[in-house]
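Trainee: I would like to go through this model one piece at a time. Can we begin with the strands and then turn to the helices?

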Amino acid sequence: MTEPSTPLADLLLHPIRFRIVQRVLGREVTTTDLKHDLPDIPATTLYRHVAALIEGGMLTVVRERRIRGAIERTLTLDQSTAAGRIGIDEARAMTPDQHRRALLLVLTQLAADFDRLVERGDLDTRLEQFGLNQASLYVDAADLDTLRQGIHALVEPYLQARPGKDRITWSIISLPDT
């Protein structure tokens, strides 16, 4: 028996595609940039997964240019829209195992990003951009929706690259009390 799936979950619940999406979030990158940012992924594998993300509507090609007979694409993912997010209907269609895999992908990526920061020796100089926070909130469904809308409104001005601004990853995970 095959596991039920959803189109967006199928796209995102793959470690390589998830890493590609994380590198593209909020900026325009070329496939060459991705090869540089993800040197452990063979070029043919990278291109195959980029093509799947484009075909699935996750990534958008904003420009193409010919370089020595090959086409180099510039890609983006507009994180100010719902593109690239699993909506509630799709989340309901996911299995518990798919939700578990999604959480583990996010946590694994965060741990790997942290390890790269430490290995480069940048942690001490970037402590003002690093933070670990956790709070217990008491909400109902309407409160949580209001909170999410407020957070989106708060962060929306910071979702696009601008000169003099550093890119950080800000992760928010809400988990019902157990």
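**Strands, helices and a ring pair**

Mentor: β1 and β3 run antiparallel and are joined by 2 bridges. Keep in mind throughout that the model is predicted.

Trainee: Which residue of β3 does Val29 stand opposite?

Mentor: The strand β1 covers residues 29-30, and its bridges go to β3. Across from Val29 in β3 stands Leu75.

Trainee: How many bridges join β2 to β3?

Mentor: β2 covers residues 60-67, and β3 covers residues 70-76. Thr60 has Thr76 as its bridge partner in β3, and Arg63 stands opposite Thr74. The two strands run antiparallel, and the number of bridges joining them is 7.

Trainee: In what order do the strands of the sheet stand?

Mentor: The sheet is open, with 3 strands and antiparallel pairing. β1 and β2 each have a single partner strand, so they stand at the edges and one side of each is left without a neighbour in the sheet. The order is β1-β3-β2.

Trainee: Which residue in the hairpin of β2 and β3 takes a positive phi?

Mentor: The hairpin has 2 residues between its strands. The residue in question lies in the loop between β2 and β3, and it is not a glycine, although its phi is about 45 degrees. It is Arg68.

Trainee: Is Arg68 buried or exposed?

Mentor: A residue counts as exposed when its relative accessible area is over 50%. For Arg68 the relative accessibility is 81%, so the residue counts as exposed.

Trainee: Moving on to the helices, which residues of α2 are buried?

Mentor: Helix α2 spans residues 15-24. Its buried residues pack against several elements, including α1, β1, α3 and α4, and also β3 and α6. After the helix comes Gly26, with a positive phi near 75 degrees. The buried residues of α2 are Arg17, Phe18, Arg19, Ile20, Val21 and Val24.

Trainee: Is α2 parallel, perpendicular or oblique to α6?

Mentor: The axes of α2 and α6 are 11 Å apart, and the helices pack at an angle of about 60 degrees. Roughly parallel would need an angle under 35 degrees, and roughly perpendicular would need 65 to 115. The angle fits neither, so α2 is oblique to α6.

Trainee: Which residues of α6 make the contact with α2?

Mentor: The crossing of these two helices is right-handed. On the α2 side the contact is made by Pro15, Phe18, Arg19 and Gln22. On the α6 side it is made by Leu105, Val106 and Gln109.

Trainee: Is Gln109 buried or exposed?

Mentor: Gln109 belongs to helix α6. Leaving aside neighbours within four places in sequence, Gln109 is in contact with Phe18, Arg19, Gln22 and Arg116. Buried means under 20% relative accessible area. Gln109 has 9%, so it is buried.

Trainee: How far apart are the ring centres of Phe114 and Phe130?

Mentor: A pair of aromatic rings is described by the distance of the centres and the angle of the planes. This structure holds 1 aromatic pair. The planes of its rings, from Phe114 and Phe130, are at 35 degrees, so the pair is tilted, and the centres are 5.5 Å apart.

Trainee: How many residues apart in sequence are the parts that this pair ties together?

Mentor: Phe114 is partly exposed at 32% relative accessibility, and Phe130 is partly exposed at 33%. Phe114 lies in helix α6, and Phe130 lies in the loop between α6 and α7. The pair therefore ties together parts whose separation in sequence is 16 residues.

Trainee: Which residues does Ile151 touch, not counting residues up to four places away in sequence?

Mentor: Ile151 is found in helix α7 and is partly exposed, with a relative accessible area of 26%. Ile151 and Ile172 are 21 residues apart in sequence, and their C-alpha atoms are 9.9 Å apart in space. The residues that Ile151 touches are Trp170 and Ile172.

Conventions. Residues numbered from 1 in each chain as written. Predicted model: local features only at pLDDT ≥ 70, side-chain atom pairs only at ≥ 80, totals over all residues. Heavy atoms only, no water. Pairing = 2+ DSSP bridges. Helix = DSSP H or I, 4+ residues; strand = E, 2+ residues; numbered from the N terminus. Buried < 20%, exposed > 50% of the residue type's maximum accessible area, 1.4 Å probe, protein only. Contact = heavy atoms within 4.5 Å. Phe/Tyr/Trp six-rings, centres within 6.5 Å; stacked < 30°, edge-to-face > 60°. Axes fitted to C-alpha atoms, helices over the stretch in contact; angles between N-to-C directions. Parallel < 35°, antiparallel > 145°, perpendicular 65-115°, else oblique. Left-handed = near helix turned anticlockwise from the far one by under 90°.
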